[in-house]
Amino acid sequence: MLELREASLAILASTDAQNKVSQLLGLFDSYHKQQITLDIAHKIDAQGLSLPGRPLKPELVLPKLVPKRRMDTPEGRAGLLHSLAHIEFNAMNLALDAIWRFPDMPKEYYEDWLKVAKEEAYHFSLVNEHLHVLGFAYGDFPAHNSLWEMVERTTDSVIARMALVPRTMEARGLDAVPAIRDRFKQIKEVRAVEILEIILNDEIGHVLIGNRWFNFLCAQDNISPITAYRELAAKYRAPVLKPPFNMEARKQAGFTTEELALLGA
């Protein structure tokens, strides 16, 4: 039988976006049909693999070199949707990476991140399908790699990964998506609004999973989550969080009253 963490690594290394999505959805179904085993103790060697597997396009550039996305042209609207597709593609990869890379976590940890990976694959498919309707596809525009760069910085520490990827990088999506959704509402792009609503609702759950496992690891080490986060953010050079913040979504995603108060300050 296949093993979940090794299978996740193999899918992560896949360079074809659509194959990655279909393989991941198959892995999710097979695991929940008990056709896949889980070995939490296995130390997996990824030497020789280029991670993450990605298609030749989009071209990856510095964030400041990604063109501005104007809403008054079809290309501008497609460019904005393309940036979302790229975020979802990277988010699918980061969930797969969280599964294979970190051994000796509870079984529920791996099941949580498998669920996240499946939902990110679904989001990617939704956005890419809508891009096709508009006459474009994933890879047609340049993109930046900031999210994956933080994944790479935290390969040595599961607590750093939980603190700085779902709770920091992905949580910014909770702040940004409502504004993007409202821009599409203004031009009556109904399908884009529907997709963004789905993404926002699911991303609250994904950040909640990050919070759950970050707090689990803090309790295991008997350390304050606020102190731990501050130290990890400095050590791993996390971006400084800037307003506006979607306080209600962050509350639903498991941030404490004290954490939200510090954001407000």
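Helices α3, α5, α6 (158-186) and α7 (190-220) each supply at least two residues to the lining of the largest pocket, where helices are DSSP runs of H or I with at least four residues, strands are E runs of at least two, and both are numbered from the N terminus. This is a predicted model, in which local features need pLDDT of at least 70 and side-chain atom pairs count only at pLDDT 80 or more, while totals for chains, interfaces and linings use all residues. Residues are numbered from 1 along each chain as its sequence is written, and side-chain values use heavy atoms, with hydrogens and water left out.

**Pockets**

A pocket is an open set of points on a 1 Å grid over the protein atoms alone, with protein on both sides within 12 Å along at least five of seven lines, and its lining residues have an atom within 4 Å of a point. Volumes are the space filled by probe spheres (1.4 Å) set on the points, which are joined across faces, edges and corners. α3 gives the most to the lining of the largest pocket, with twelve residues. The second largest pocket has a volume of about 420 Å³, and the elements that give two or more residues to its lining are α8 (225-235) and α10 (257-264). In the table, Ala, Val, Leu, Ile, Met, Phe, Trp, Tyr, Cys and Pro count as nonpolar, Asp, Glu, Lys and Arg as charged, and the others, Gly among them, as polar.

| Pocket | Volume | Lining | Nearest the centre |
|---|---|---|---|
| Largest | about 1200 Å³ | 39 residues: 19 nonpolar, ten polar, ten charged | Arg69, Ser83, Ile87, His144, Ala176 |
| Second largest | about 420 Å³ | 15 residues: eleven nonpolar, no polar, four charged | Tyr229, Arg230, Leu241, Leu262, Leu263 |

**Core and helix α1**

The largest nonpolar core (buried Ala, Val, Leu, Ile, Met, Phe, Trp, Tyr and Cys residues joined through side-chain atoms within 4.5 Å) holds 89 residues, of which Tyr109, Trp113, Leu164, Phe184 and Phe214 touch the most other members. Its largest share, 14 residues, comes from helix α3 (residues 74-101). Beyond four places in sequence, Phe214 is in contact (heavy atoms within 4.5 Å) with residues including Ile159, Met162, Pro225 and Tyr229.

Seven of the nine residues of helix α1 (residues 4-12) are buried, so this helix is largely enclosed by the rest of the structure; buried means under 20% relative accessible area with a 1.4 Å probe, protein chains only. The buried residues of α1 pack against elements including β1 (2-3), α2 (17-32) and α4 (107-133). At the start of α1, a side-chain oxygen of Glu3 reaches to within 2.9 Å of the backbone nitrogen of Arg5.

Definitions and conventions:
Buried < 20%, exposed > 50% of the residue type's maximum accessible area, 1.4 Å probe, protein only. Polar contact = N/O pair within 3.5 Å; in protein donor to acceptor, adjacent residues only side chain to side chain.
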